[in-house]
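Trainee: I should like to learn how to read the features of a protein model. May we work through one together?
Mentor: Certainly; let us place the structure before us and take its features in turn.

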Amino acid sequence: MAAPAANMKINGERLWDSLMEMSKIGPGVAGGNNRQTLTDEDGEGRALFQSWCEAAGCSMGLDQMGNMFARREGTDPDALPVYVGSHLDTQPTGGKYDGVLGVLGGLEILRTLNDLGIKTKHPIVVTNFTNEEGTRYAPAMLSSGVFAGIHTQDWAYDREDAEGKKFGDELKRIGWRGDEEVGARKMHAFFELHIEQGPILEAEGKDIGVVTHGQGLSWTQVTIEGKDSHTGSTPMPMRKNAGLGMARVLEKVDEIAWSHAPHAVGAAGHIDVYPNSRNVIPGKVVFTVDFRSPELSVIEDMEARLRVEGQTIADDMGLSIAFEKVGGFDPVTFDEGCVTAVRNAAERLGHTHLDIISGAGHDACWINRVAPTAMVMCPCVDGLSHNEAEEISPQWAAAGADVLFHAVVETAEIVK
């Protein structure tokens, strides 16, 4: 495959203008976005994206999960398309770039090919996957998960939000339920550009993250029970403090994660304490331990040690403890050929780069199961994401999109 010339670059100003225009839809309260999936704002953002794609000469496909597919034809009608994309939905207090950069960076590839009059052998398809964030409808990466056969469509349609509104009903309500069978499309390859959502690239002074792996995830819900009693009148030797038991287990979680440094992580983000009263020793706590690692064996070790050492802590304190695995997915190893295309593109363009492991889940993690896949990352300020203060520079966005352009176009094969 012939690589694009090093002077072939996307229009960085046009990409930035598109990002800013999209951010006007579903504005947040502090400079970011609230464009949650299947809301009216999501529908408005989709319509703007479709109008841009059609202006670029693309046809738009829409499947039964609302996944959007903007297609630029190739010269070979039998060649499988190269796909590129991410998501347009945001967190309730989300930034302007999480997911959106990957979709509009893909659109910018098509616009640039049009500007340069370049044809490719393989069609190129830009994708917007529905409900990547999972904040309104759990789990995250829902529609790419249905596409990859992880979830059934009926199960996805039955997901409910906090108001009891079903995913399938809301998808139909906003007018973005297509007729195309989900997962019927076959891909030659898939590429996703994303902000890092972590601090490594900025701290290391690197332009580009070449994503080689995605962390696996394990969620274990832990329930510890002791005995509610008065904080003032219960003697210390007679207490069965479930809150203290949780504290000791969480200290052990931290120790377990550190034992697998540098890539393993662990913490509890969701914690409920009962009865949660100032003068009552907690009789019950429920919390979810989140372990992540790019190695399955490490995740399994952390899970096992949590159960063994947590049980020991509970027994020593006279508490009961129960463990329930409530979520997770295995680590991802991205396709060597696609990863090499990304790395070569960064080097060809003169960008500093670093092999990196994605700490967050992305649509690419599921698509990797059905097609050769890789990811490109650019830095974000202070590693901050899922926050309205999320920020990147126009230069970072352009560099990431340039690398994406080169990797995608090389894979789609320029026709001389």
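Trainee: Which residues does UniProt list for "domain: Peptidase M20 dimerisation"?
Mentor: Please keep in mind that this model is predicted. According to UniProt, in an unreviewed entry, "domain: Peptidase M20 dimerisation" covers residues 215–306. In the model, the span of residues 215–306 is 30% helix and 37% strand, and its end C-alpha atoms lie 19 Å apart.

Trainee: How should I read a sheet, and in what order do the strands of the open sheet stand?
Mentor: The general idea comes first. Strands of a sheet pair through backbone hydrogen bonds, either parallel or antiparallel. Here, 4 strands make up an open sheet with the order β10-β12-β8-β13, and their pairing is antiparallel. At the edges are β10 (265–274) and β13 (320–329); each has a single partner strand, so one side of each has no neighbour in the sheet. From one strand to the next, the twist averages 20°.

Trainee: How many bridges join β10 to β12?
Mentor: Strand β12 (residues 284–293) is joined to β10 by 9 bridges, and the two run antiparallel. One pair may serve as an example: Asp272 has Val286 in β12 as its bridge partner.

Trainee: Which helices pack on this sheet, and what do they touch?
Mentor: Helix α8 (residues 242–258) lies across β8 (216–225), β10, β12 and β13, and runs at about 5° to β12. Helix α9 (residues 296–317) also packs on the sheet, where it touches β8, β10, β12 and β13. The direction of α9 makes about 165° with that of β13.

Trainee: Let us turn to a hairpin. In which sense do β1 and β2 pair?
Mentor: Strand β1 (residues 59–62) pairs with strand β2 (residues 68–72) in the antiparallel sense, over 4 bridges. Within this pairing, Gly61 has Phe69 in β2 as its bridge partner. The hairpin has 5 residues between the strands, and Gly66 takes a positive phi near 80°.

Trainee: Which residues other than glycine have a positive phi?
Mentor: Leu38 is one of them, with phi near 65°. Leu38 is placed in the loop between α1 and α2. Gln197 is another example, with a positive phi of about 65°; Gln197 is placed in the loop between β6 (189–195) and α7 (200–204).

Trainee: Is Leu38 buried or exposed?
Mentor: Leu38 counts as buried because its relative accessibility is 0%, and the cut-off for buried is under 20%. Asp42, at 2% relative accessibility, likewise counts as buried.

Trainee: Where does Asp42 lie, and with which residues is it in contact?
Mentor: Asp42 belongs to helix α2 (residues 40–55). If neighbours within four places in sequence are left aside, Asp42 is in contact with Arg35, Gln36, Thr37 and Ile174.

Trainee: How does one describe two packed helices, and at what angle do α1 and α3 pack?
Mentor: Two packed helices are described by the angle between their axes and the distance between the axes. For helix α1 (residues 12–22) and helix α3 (residues 100–116), the angle is about 140° and the axes are 10 Å apart. That angle makes α1 oblique to α3. The crossing of α1 and α3 is right-handed. The residues of α1 that meet α3 include Arg14, Leu15 and Met22, while those of α3 that meet α1 include Val100, Leu104 and Asp115.

Trainee: How does α3 cross α12?
Mentor: The axes of α3 and helix α12 (residues 394–412) cross at roughly 60° and come within 9 Å. Accordingly, α3 is oblique to α12, and their crossing is right-handed. Among the residues that meet here are Leu101, Gly105 and Ile109 in α3, together with Ala397, Leu404 and Val409 in α12.

Trainee: Finally, which residues does a cis peptide bond join?
Mentor: One cis peptide bond joins Ala138 and Pro139, with omega at about 5°. Pro139 is in the loop between β5 (124–128) and α4 (142–147). Another cis peptide bond joins Tyr274 and Pro275, with omega at about 0°. Pro275 is in the loop between β10 and β11 (280–281).

Terms used
Residues are numbered from 1 along each chain as its sequence is written. This is a predicted model: local features need pLDDT of at least 70, side-chain atom pairs count only at pLDDT 80 or more; totals for chains, interfaces and linings use all residues. Side-chain values use heavy atoms; hydrogens and water are left out. Two strands pair if DSSP finds at least two bridges between them. UniProt positions are given in the numbering used here, feature names are shortened, and annotations may be inferred rather than shown by experiment. Buried means under 20% relative accessible area, exposed over 50%, partly exposed in between (1.4 Å probe, protein chains only). Contact means heavy atoms within 4.5 Å. Axes are lines fitted to C-alpha atoms, for helices over the stretch in contact, and angles run from 0 to 180 degrees between N-to-C directions. Angles under 35 degrees count as roughly parallel, over 145 as roughly antiparallel, 65 to 115 as roughly perpendicular and the rest as oblique. A crossing is left-handed if the near helix is turned anticlockwise from the far one by less than a right angle, and right-handed if clockwise.
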